[in-house]
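What follows walks through one protein model, from single loop residues to charged pairs, a surface patch and enclosed space. Please keep the structure open while reading.

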Amino acid sequence: MIQLHTNLNLERETEALVVGIFHRNDSFEGPLEKINATFDDYLSQLVKAGDINVNEKQVSTIPTFNKIGAKRLIFIGLGRKSGLTEESLKEAYGNLFQQLKKAQFKEITIELSTFTTDAISEETTARLLGEMSQLSTYEFEHYKKRSNVPTVQLEKINVIASDSVEDAFEHGYVYGKATNSARTLVNLPSNMLTATDLAEYAQKLANKYGFECEILEKEEMETLGMGALLAVNQGSIEPPKMITLKYQGKSEWKDVIGLVGKGITFDTGGYSIKSKSGIVGMKTDMGGAASVLGAMEVIGETKPKQNVVMVIPSTDNVVSATAFKPDDVITAMSGKTIEVLNTDAEGRLALADAITYAKHHGASYLVDVATLTGGVIVALGTDTTGAMTNDSTFYEKLQVASQHTGETIWQLPITEKDKKKVRSSKVADLNNSPGREGHAIMAGTFLLEFAENTPWIHLDIAGTATTNAGGAYGPSGATGVMVRTLAQLIRDF
């Protein structure tokens, strides 16, 4: 998709030459000066007249009338140079690629140096370009009838930059592409993505990238005592799956990072049934599973020198004569007993067995990802992922990764009083839902009972896994949140 060129050749034929343009009081500089001179200073006049918009994220297109090899010049407004951030640059790229897609461009050339500043290097600019080329143009292949007119895709990006940016562009491209894979999984309706389908998807990843793959069936889970996941599955005709992928990037199987993703393919709430409005959209309750699968796709493409085990507990949570009920007592794989006070707090039950099983596979560090609670949305809104941890050093590494990717996380506390609340059952070791107060914290505290002393981070993506509004990052629907942050954590670890 990318072809590097080390110099700006204005005679090179291309559908469009793309340049960034800042607010400036002086004359054009560098490549822009060269282009402007070819047009006899006409471009600077267009800027002064406002026909080329230099404000942030604005896209201006002008024809070249065969004065240069490019058929069009596309200017991306970047605002003031001192104010350009990675986030605003990503949004600018997003707007660009969406307009290119709408206009059905097949090929463009981009002068990368016009997007750099003292704070944003050429490599960073290339990485963000690669990432947004995928994220911004994502489209879910829905089930509406389509016209017979073929869709034209952007097939080639000529990048004018130094040779060193190729790896950075590929880095961003892979992260964006894997995030889109996760988005598609989350957007699929639950009748087309059962636990079996999710397991088959994981197997395909394993075949493609050489991962070790293990899919536990119901009978094997019963033998291993996975009573928490099996309880959630009790009411369903769809068989549960415990899905494991292993990637060995070191010679010895040690220092293993465990990625655990909630794979509830549809959540009715069980007997603690959701409202008719609250139940809509519950096909997305496997967003955590999609995130860890997306991270594994990045791992397969980039081959980091790190050991990783991914575990997904997958089932749906439905109502039937055999479904588990409030007041039931179940026994998790760890041996701990759990009083079920809320069957709609099923995700933490499935994750409990998955966390134990990840440790069984040698996980030295744990990150679980789940669309777990509405409480986290009340606390943090829809732009920030809630996080909890028992290890500040491990959490700092995740923070660095999230800052790199721009996926915001915020730590919630766990206190001794919180631990007492989840241990407050009169009939079992734990209860799965002490009450509405601090619900997001209660869920994370419950999971800590299974992580125990293993360094652990819990990520509640209930608010960030989907968006109701489209934008520079693509359409409404699934976001693929945490794919890039998890992949970056493993890359940096």
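Thr64 sits in the loop that connects β3 and β4. In this predicted model, Thr64 counts as buried because its relative accessibility is 1%, and the cut-off for buried is under 20%. Along the chain Thr64 and Ala16 are 48 residues apart, and their C-alpha atoms lie 9.4 Å from each other in space.

Phe65 belongs to the loop between β3 (59–63) and β4 (70–77). Is Phe65 buried or exposed? With 70% relative accessibility, Phe65 counts as exposed, since the class begins over 50%. The backbone of Phe65 also deserves a look: phi is positive, at about 50°, although the residue is not a glycine. Most residues other than glycine have a negative phi.

A positive phi is also found at Lys303, where the value is near 50° in a residue other than glycine. Lys303 is placed in the loop between α9 and β11 (307–317). With a relative accessible area of 46%, Lys303 is partly exposed.

The loop between β10 and α9 holds Thr268. Thr268 has a relative accessible area of 11% and is therefore buried. Thr268 and Trp456 are 188 residues apart in sequence, and 29 Å separates their C-alpha atoms. Tyr271 is in the loop between β10 (263–267) and α9 (287–302). The relative accessible area of Tyr271 is 41%, so this residue is partly exposed. Together with Ile273 and Val319, Tyr271 forms a nonpolar patch on the surface, and the accessible area of the three together is about 280 Å². Residues qualify for such a patch because they have over 30% relative accessible area and no salt bridge; the 41% of Tyr271 is in keeping with the first of these conditions.

Another threonine, Thr385, lies in strand β15, which covers residues 385–389. Thr385 is buried, with a relative accessible area of 0%. The C-alpha atoms of Thr385 and Thr408 are 6.3 Å apart, while 23 residues separate the two along the chain.

Charged pairs come next. Side chains of opposite charge can pair when their charged atoms come close. How many salt bridges does a search of the whole structure find? The search finds 20. One of them joins the side chains of Lys101 and Glu139, with 3.1 Å from N to O. Lys101 is in helix α3 (residues 86–102) and Glu139 is in the loop between α4 (122–135) and β6 (156–160), so this pair ties together parts that are 38 residues apart in sequence. Both partners fall in the middle class of exposure: Lys101 is partly exposed at 27% relative accessibility, and Glu139 is partly exposed with a relative accessible area of 40%.

The side chains of Glu252 and Lys254 form another salt bridge, at 3.9 Å from N to O. Glu252 counts as partly exposed at 48% relative accessibility, and Lys254 counts as partly exposed at 43%.

In a further salt bridge, the side chains of Lys274 and Asp267 meet at 3.6 Å, N to O. Which partner of this pair is buried? Asp267 is, at 2% relative accessibility. Lys274, at 22% relative accessibility, counts as partly exposed, because partly exposed residues are those between 20% and 50%. Elsewhere, salt bridges that share partners join Lys336, Lys359, Arg423, Glu449 and Glu452 into one network.

The last topic is enclosed space. Rolling a probe the size of a water molecule over the atoms shows where empty space is left. The count comes to one cavity of 30 Å³ or more. The volume of the largest cavity is about 70 Å³. Which residues line the largest cavity? The lining consists of Leu8, Asn9, Leu10, Arg12, Thr14, Leu17, Ile68, Ala70, Thr109 and Ile160. By residue class, the lining of the largest cavity divides into six nonpolar, three polar and one charged. The charged member is Arg12, because Arg counts among the charged residues.

Conventions: Residues are numbered from 1 along each chain as its sequence is written. This is a predicted model: local features need pLDDT of at least 70, side-chain atom pairs count only at pLDDT 80 or more; totals for chains, interfaces and linings use all residues. Side-chain values use heavy atoms; hydrogens and water are left out. On a 1 Å grid over the protein atoms alone, a cavity is a set of points where a 1.4 Å probe fits but cannot get out, and a pocket is an open set with protein on both sides within 12 Å along at least five of seven lines; lining residues have an atom within 4 Å of a point. Grid points are joined across faces, edges and corners, and a volume is the space filled by probe spheres set on the points. Patches are made of residues with over 30% relative accessible area and no salt bridge: like charges are joined within 9 Å, nonpolar side chains (Val, Leu, Ile, Met, Phe, Trp, Tyr) within 5 Å. Accessible areas come from the Shrake-Rupley method with a 1.4 Å probe; for residues, only the protein chains shown count as cover. A salt bridge is a side-chain nitrogen of Lys or Arg within 4 Å of a carboxyl oxygen of Asp or Glu. Helices (H or I, at least four residues) and strands (E, at least two) are DSSP runs, numbered from the N terminus. Buried means under 20% relative accessible area, exposed over 50%, partly exposed in between (1.4 Å probe, protein chains only).
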